[in-house]
Each structure stands twice: as C-alpha cells, then as structure tokens.
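Reader: Could you take me through the strand pairing in this structure?
Author: Certainly; please have the structure open as we proceed.

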Amino acid sequence: MTKLAIVILNWNGKKFLEQFLSILISHTPSWAEIIIADNASTDDSVSFLQTQYPQLRLIQNEQNYGFAGGYNQALTQVQAEYYCLINSDIEVTAHWLEGIIDYMDNHQDVGICQPKLLSYYERQKFEYAGAAGGFIDKYGYPFCRGRIFNKIETDHGQYDDICEVFWATGACLFVRSELYHRVGGLDDDFFAHMEEIDFCWIFEKF
C-alpha cells in the first residue's frame, strides 16, 4: 500500500495546474503518489494532464460533485495509509511532507494534521484559508491562529509549534485513510466550503 496519496481535486483549474503542479512534483518524495481527481472540468484540464503529466494518475469524476462529493468519489478509488487533500493553487516547499508524516507515524492518536499556510501574494502574512490551524467559538464561528475575521497576522514564527486545533483546513489536510472512510468521508451536503470543519468536528467525538 502507498504510504501517502496526495490528491488534488480539480475543476476548471488548468491555470493552477500549469503554475503549481511541477513544483509539487519536484518537492514530493518517491514514497508519495500524486493523483489528480477531475470534477468533470469543461476547460482542457484533462487533455493538459494527459499530455504534460502522463505519469500521474488521473481520476475522472462523472460530474462536478463539489469539493466534498468530489473527494468522496475519488478517494473510494485510492488506497494509501494517509491522504493529503490539497488545493491546486498551493505552492509547497522543500520537505513539506516529512515532518507531518513522521509526527503522525509516531502519534497514533492524531487523525488529522495541517501545515502552516502563508499567503502566496503576501508571503510574510498567513493565508486566510486555514492559516496555522482552526478553532471555533461558542457561537460556532470559525477562526484560525493567524486570522480572526478579516485580520490577517504577519508571520513572525509565533505559530511555529505543534498545537492541537479544532479543525484543519481543506486547502492542505492530512488524514488517516482508515478514519476518513470510517466516518463516511466529507459531508457532501456542503458541496463547497465549511465541509472540513464539519469533518474535523466528528473527530472531537472519537
């Protein structure tokens, strides 16, 4: 079984694949497999992948199932110890995988992880989507280390630690495959957005 399957859900995202996929490949070790799950794109994403990256596995969903449903459809066809759900517009850096996978290997009580995410356009600041790990307040409003409402913090290394969080961002989410399937995957009633918070909330009950 593959150690890690890195799965990009694509829908009409050829421009992001052109920009970021080669970087992902260059920083991904041989023990991890990169898979593109296409959500019935109407641009030429599929032909681009087949022509430029024939070595990558391509899963073609029959329709646009949204973020949650698209991953659920694709991951029924993927066997790996861990899944990494990653957006097509994420620029990874060298050794982005090793620390997380090593930590999860050595902490069997950890089901889900995420890395720290910085903004692509303002690289000294955190990324809005997930920043350095998510929480939820008593009213059910989500926020992150590094981002509360529209206030985005500058990264000074203040969150360069390992911290238990309430939710991990779907922009780059690592999860044990056995747990993903045990809970039935993401709730596809969400279609897109907030599904990762709901998903992580389930694990609070385990």
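Reader: Which residue in S3 stands opposite Ile35?
Author: Ile35 has Arg57 of S3 opposite to it. Please note that this is a predicted model.

Reader: How many bridges link S2 and S3, and in what sense do they pair?
Author: S2 and S3 are joined by 4 bridges and pair in the parallel sense.

Reader: What does helix H3 touch on the sheet?
Author: Helix H3, residues 66–75, packs on the sheet and is in contact with S1, S2, S3 and S4. The direction of H3 makes about 140° with that of S1.

Reader: Turning to strand S1, why is it described as largely enclosed by the rest of the structure?
Author: Strand S1 covers residues 2–10, and 7 of its 9 residues are buried, that is, under 20% relative accessible area. It is therefore largely enclosed by the rest of the structure.

Reader: Which residues are the partners of Ile6 in S2 and in S4?
Author: In S2 the bridge partner of Ile6 is Ile34, and in S4 Ile6 stands opposite Cys84. S1 runs parallel to S2, residues 32–38, with 7 bridges between them. S1 also pairs in the parallel sense with S4, residues 80–86, over 6 bridges.

Reader: What connects into a unit with S1 and S2?
Author: Helix H1, residues 14–26, forms a right-handed β-α-β unit with S1 and S2.

Reader: Finally, what is the strand order of the open sheet, and which are the edge strands?
Author: The 6 strands are ordered S3-S2-S1-S4-S10-S5, with mixed pairing. The edge strands are S3 (57–60) and S5 (112–113), each of which pairs on one side only.

How values were computed. Residues numbered from 1 in each chain as written. Predicted model: local features only at pLDDT ≥ 70, side-chain atom pairs only at ≥ 80, totals over all residues. Heavy atoms only, no water. Buried < 20%, exposed > 50% of the residue type's maximum accessible area, 1.4 Å probe, protein only. Helix = DSSP H or I, 4+ residues; strand = E, 2+ residues; numbered from the N terminus. Pairing = 2+ DSSP bridges. Right-handed = clockwise from strand over helix to strand, strands pointing away. Contact = heavy atoms within 4.5 Å. Axes fitted to C-alpha atoms, helices over the stretch in contact; angles between N-to-C directions.
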